[in-house]
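Colleague: Before we discuss this chain, could you take me through its packing and its charged pairs, one question at a time?

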Amino acid sequence: MSGDVQVRFCERQRGKHPLPTRLAGHPRGAGASATIYSLIETAKANDLEPYRYLRYLFERLPMAEVEANYKVLLPQYVDRNIITNMKF
């Protein structure tokens, strides 16, 4: 997706999944909001349930130390069976 198309896509999705407005009240918050939207939409595109994926991500993110650790946490690289079988 080109940058322009991706921005328009994210803008359309934003109305469907409102995040707290305090995130968008500052330029850094807007960037954080865009990152979360991107992760959620990429999870959906990879047939992952967004809540389960985000929970999986936030449980493992503190242990990531090098770029390779971060890459395997992206939705397109996550083992779908691990996410599906997570116990809460």
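Colleague: Leaving aside neighbours within four places in sequence, which residues is Ile83 in contact with?

Modeller: This is a predicted model, and what follows is computed from its atoms. Once the neighbours within four places in sequence are left aside, the residues that have heavy atoms within 4.5 Å of Ile83 are Leu48, Arg52, Tyr53, Tyr56 and Val78.

Colleague: Which residues have the most contacts inside the largest nonpolar core, and which helix supplies the largest share of this core?

Modeller: The largest nonpolar core has 13 residues, and those with the most contacts inside it are Tyr53, Tyr56, Leu57 and Ile83. Helix H2 (27-45) and helix H3 (50-60) each supply at least two residues of this core. The largest share, four residues, comes from H3.

Colleague: Why do the buried residues of H3 lie on the same side of the helix, and which helices do they pack against?

Modeller: The residues of H3 that count as buried are Pro50, Tyr53, Leu54, Tyr56 and Leu57. Because they cover an arc of only 160 degrees around the axis, they are on the same side of H3. The elements against which these buried residues of H3 pack are H2 and helix H5 (80-84).

Colleague: Is Phe58 buried or partly exposed, and which residues form a nonpolar patch with Phe58 on the surface?

Modeller: Phe58 lies in helix H3, and its relative accessibility is 46%, so Phe58 counts as partly exposed. The nonpolar patch on the surface that includes Phe58 has about 280 Å² of accessible area together, and the residues that form it with Phe58 are Leu61 and Tyr70.

Colleague: Which residue meets Lys44 in a salt bridge, and is that partner buried or exposed?

Modeller: Side chains of opposite charge can pair when their charged atoms come close. The side chain of Lys44 meets that of Glu41 in a salt bridge, at 3.3 Å from N to O, and both residues lie in helix H2, three residues apart, which is about one turn of the helix. Lys44 has 31% relative accessibility and so counts as partly exposed. The relative accessible area of Glu41, by contrast, is 12%, and the partner is therefore buried.

Colleague: Which residues are linked in a network of salt bridges?

Modeller: Glu59 forms a salt bridge with Arg55, with the closest N and O atoms 3.1 Å apart, and these two residues of helix H3 are four residues apart, about one turn of the helix. Glu59 also forms a salt bridge with Arg60, where the closest N and O atoms are 3.4 Å apart. Glu59 counts as partly exposed because its relative accessibility is 38%, while Arg55 is partly exposed at a relative accessible area of 30% and Arg60 is partly exposed at 29%. The residues linked in the network are thus Arg55, Glu59 and Arg60.

Colleague: How many salt bridges does the structure hold?

Modeller: Among them are the pair of Lys44 and Glu41 and the pair of Glu59 and Arg55. For the structure, the number of salt bridges is three.

Colleague: How many helices and strands are in the chain, and what percentage of its residues is buried?

Modeller: From the N terminus on, the elements run α-α-α-α-α, and the chain accordingly has five helices and zero strands. The chain exposes about 6500 Å², of which carbon and sulfur atoms supply 55%. Of the 88 residues in the chain, the buried residues make up 24%.

Notes. Residues are numbered from 1 along each chain as its sequence is written. This is a predicted model: local features need pLDDT of at least 70, side-chain atom pairs count only at pLDDT 80 or more; totals for chains, interfaces and linings use all residues. Side-chain values use heavy atoms; hydrogens and water are left out. A nonpolar core is a set of buried Ala, Val, Leu, Ile, Met, Phe, Trp, Tyr and Cys residues joined through side-chain atoms within 4.5 Å. Buried means under 20% relative accessible area, exposed over 50%, partly exposed in between (1.4 Å probe, protein chains only). Accessible areas come from the Shrake-Rupley method with a 1.4 Å probe; for residues, only the protein chains shown count as cover. Patches are made of residues with over 30% relative accessible area and no salt bridge: like charges are joined within 9 Å, nonpolar side chains (Val, Leu, Ile, Met, Phe, Trp, Tyr) within 5 Å. A salt bridge is a side-chain nitrogen of Lys or Arg within 4 Å of a carboxyl oxygen of Asp or Glu. The arc is that of the directions from the helix axis to the C-beta atoms.
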